[in-house]
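Good morning, and thank you for making time for this item. I would ask you to look at the chain on the screen while I go through it.

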Amino acid sequence: MTTLTEIIQHPIIREKYKLLAESAELVASPQIRNQGTIGGNVSQDARCWYTVRVALLSCGGNICYADTPEGRNREHAILYADRCVAVNPSDTAPA
């Protein structure tokens, strides 16, 4: 329930966990940071670049149309995997 703004402004976090405060500052806009929570940012579901930007209506079932070598895999994290390994969209999770 702690907002990203609270994380950014908390003096102890800024002193001892500077990377977390800095990464929270990278999240979206001030309006979203004022309402968005650290828990929500960390627990975002990964988004498939291919599904979101290229083929929103053509994906489905157990087939990944972005799979290599013929697929569009520009932003994959790991190629030739036996499952989807899309990158986590959280700015604060790595910190």
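Is Thr92 buried or exposed? Before I answer, please note that this is a predicted model. Thr92 is buried, with a relative accessible area of 3%. Its place in the chain is the segment that follows helix H6, residues 49-53. Leaving aside neighbours within four places in sequence, Thr92 is in contact with Leu4, Leu20, Ser23, Ala24, Val27, Ile38, Asn41 and Val42. Several of these residues will return in what follows.

Let me now set out the chain as a whole. The secondary structure comes to 6 helices and 0 strands, and the pattern read along the sequence is α-α-α-α-α-α. Of the 95 residues, 22% count as buried. The chain exposes about 7,000 Å², of which carbon and sulfur atoms supply 53%. As for contacts between residues at least 6 apart in sequence, 54% of them join residues at least 24 apart.

I turn next to helix H3. Which residues of H3 are buried? They are Ala21, Ser23 and Ala24. Viewed down the axis of H3, these buried residues fall within an arc of 165 degrees, so they line one face of the helix. Their packing partners are helix H1 (4-9), helix H2 (11-16) and helix H4 (30-35). On the face of H3 turned away from the buried side, we find the exposed residues Lys18 and Leu19.

Ser23 deserves a closer look. This serine sits in helix H3 and is buried, with a relative accessible area of 6%. Not counting residues up to four places away in sequence, Ser23 touches Asp91, Thr92 and Ala95. The contact with Thr92 thus appears from this side as well.

H3 also brings us to a charged pair. How many salt bridges does the count give? The count comes to 1 salt bridge. The partners are the side chains of Lys18 and Glu22, at 3.8 Å from N to O. As a general matter, side chains of opposite charge can pair when their charged atoms come close. Why are these two residues placed to meet along the helix? Lys18 and Glu22 are 4 residues apart in helix H3, residues 18-25, and are therefore separated by about one helical turn. Glu22 has 34% relative accessibility, so this residue counts as partly exposed. Lys18, as I said, is exposed, on the face turned away from the buried side of H3.

We come to the nonpolar core. In soluble globular proteins, nonpolar side chains tend to be buried together. Here, the largest nonpolar core has 7 residues: Leu4, Ile7, Ile8, Ile13, Ala21, Ala24 and Val27. The elements that give two or more residues to this core are H1 and H3. H1 gives the most, with 3 residues.

Within that core, let me single out Val27. Which residues does Val27 touch, not counting those up to four places away in sequence? They are Leu4, Arg33, Asn41, Asp91 and Thr92. Leu4 is also a member of the core, and Thr92 has Leu4, Ala24 and Val27 among its contacts.

I should also like to show three positions outside that core list. The first position for discussion is Glu6, which is found in helix H1 and is partly exposed, with a relative accessible area of 42%. Glu6 and Ala24 are 18 residues apart in sequence, and their C-alpha atoms are 9.6 Å apart in space.

Next is Ala28, in the loop between H3 and H4. What is notable about its backbone is a positive phi of about 40 degrees, although Ala28 is not a glycine. Ala28 is exposed, with a relative accessible area of 52%.

Finally, Pro30 lies in helix H4. Is this proline exposed or buried? With a relative accessible area of 45%, Pro30 falls in between and is partly exposed. Pro30 and Thr5 are 25 residues apart in sequence and 7.9 Å apart in space, C-alpha to C-alpha.

To close, I return to the opening residue. Thr92 is buried in the segment after helix H6, and its contacts include Ser23 and Ala24, two of the buried residues of H3. Thank you for your attention.

Definitions and conventions:
Residues numbered from 1 in each chain as written. Predicted model: local features only at pLDDT ≥ 70, side-chain atom pairs only at ≥ 80, totals over all residues. Heavy atoms only, no water. Salt bridge = Lys/Arg side-chain N within 4 Å of Asp/Glu carboxyl O. Buried < 20%, exposed > 50% of the residue type's maximum accessible area, 1.4 Å probe, protein only. Arc of directions from axis to C-beta. Contact = heavy atoms within 4.5 Å. Core = buried A, V, L, I, M, F, W, Y, C linked by side-chain atoms within 4.5 Å. Areas by Shrake-Rupley, 256 points an atom, 1.4 Å probe, with all protein chains shown as cover.
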